[in-house]
Amino acid sequence: LRVLAAAWRGAWTGRLVGLTGSNGKTTTKDFLASLLTAQSPCLATRGNLNNHFGVPLTLLRRDEDDRYAVVEMGMNHRHEISALAEIAEPTIGVLTNVRPNHLDWHRSLEHYAASKQAIFSASPACAAPRRVDAARCPWRTDVLSELRLSVPGTHNRENAIDAIATIVEHLAVVDGALTWPTVPAGLEPRNPRNIAVVPGGVGWK
């Protein structure tokens with residue numbers, strides 16, 4: 001299964017976002033897939049099928065028309081992320097956060113974090129992925145203070161920021177096609193409210 005998935009991935013030249021983290025993976029993936037689908041056909045992990053079976057099965061669902069893919073990757077043990085990234089070959093990597101989960105399989109939080117960081121490593125077939133660092137986005141503070149989502153929980157604002165940062169800081173630069181008018185249209189299916197585009201930046205009423 002892994003060999004077939006890797007071969008099918010290798011035959012595709014679209015942009016693939018690899019996404020992992022202790023919490024927020026699936027919600028961030030859903031936000032991001034919704035944004036990208038508003039622009040072009042996009043493959044995305046179904047539910048949280050993010051393990052050594054789910055990632056290959058996701059990749060094998062790719063259609064010829066898909067321009068983007070958002071692939072969620074989970075792990076319990078060391079080296080699982082690196083193995084999944086080898087198959088998926090992400091061009092962009094997203095690490096939502098690192099929390100003390102699964103420490104029974106890791107000697108420390110630092111070792112656990114290092115295993116998660118493998119999503120940013122270069123694979124044999126492609127360069128190291130661009131790293132999404134939403135914490136350093138200059139517009140982050142303003143957006144966090146104003147963003148309102150119908151989805152409950154303040155943590156979902158962080159998930160939305162990760163998704164938006166992926167688009168703005170990376171895919172927009174790479175493709176030149178994803179613009180701020182696309183962001184409200186893409187987030188609409190995920191139930192945000194009162195989204196407004198501000199000239200030269202972002203704003204939420």
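Leu 43 stands opposite Ala 69 in strand β3. This pairing belongs to a predicted model, and it offers a starting point for a walk through the strands and helices. Leu 43 lies in strand β2, residues 42-44, and β2 pairs with β3 in the parallel sense over 3 bridges.

Strand β3 also has β1 as a partner: the two run parallel and are joined by 5 bridges. Here Gly 18 is the residue that stands opposite Val 71 in β3. Strand β3 itself, residues 68-72, is mostly covered, with 5 of its 5 residues buried. Tyr 68, Val 70 and Glu 72 point one way from the strand, whereas Ala 69 and Val 71 point the other way.

Strand β1 (15-20) appears again in the surroundings of helix α5, where the cover over the buried residues includes β1, α4 and β4 (92-95). Helix α5 spans residues 109-116, and its buried residues are Tyr 112, Ala 113, Ser 115 and Lys 116. Seen down the axis of α5, these buried residues fall within an arc of 160°, so they line one face of the helix.

Helix α4, one of the elements covering α5, also packs with helix α1. The axes of α1 (residues 2-10) and α4 (residues 80-88) are 7 Å apart and form an angle of about 50°. The two helices are therefore oblique to each other. Arg 2, Ala 5, Ala 6 and Arg 9 of α1 make the contact with Ala 83, Ile 87 and Ala 88 of α4. By type, the residues of this contact comprise 5 nonpolar, no polar and 2 charged.

How values were computed. Residues numbered from 1 in each chain as written. Predicted model: local features only at pLDDT ≥ 70, side-chain atom pairs only at ≥ 80, totals over all residues. Heavy atoms only, no water. Axes fitted to C-alpha atoms, helices over the stretch in contact; angles between N-to-C directions. Helix = DSSP H or I, 4+ residues; strand = E, 2+ residues; numbered from the N terminus. Parallel < 35°, antiparallel > 145°, perpendicular 65-115°, else oblique. Contact = heavy atoms within 4.5 Å. Nonpolar A, V, L, I, M, F, W, Y, C, P; charged D, E, K, R; others polar. Buried < 20%, exposed > 50% of the residue type's maximum accessible area, 1.4 Å probe, protein only. Arc of directions from axis to C-beta. Pairing = 2+ DSSP bridges.
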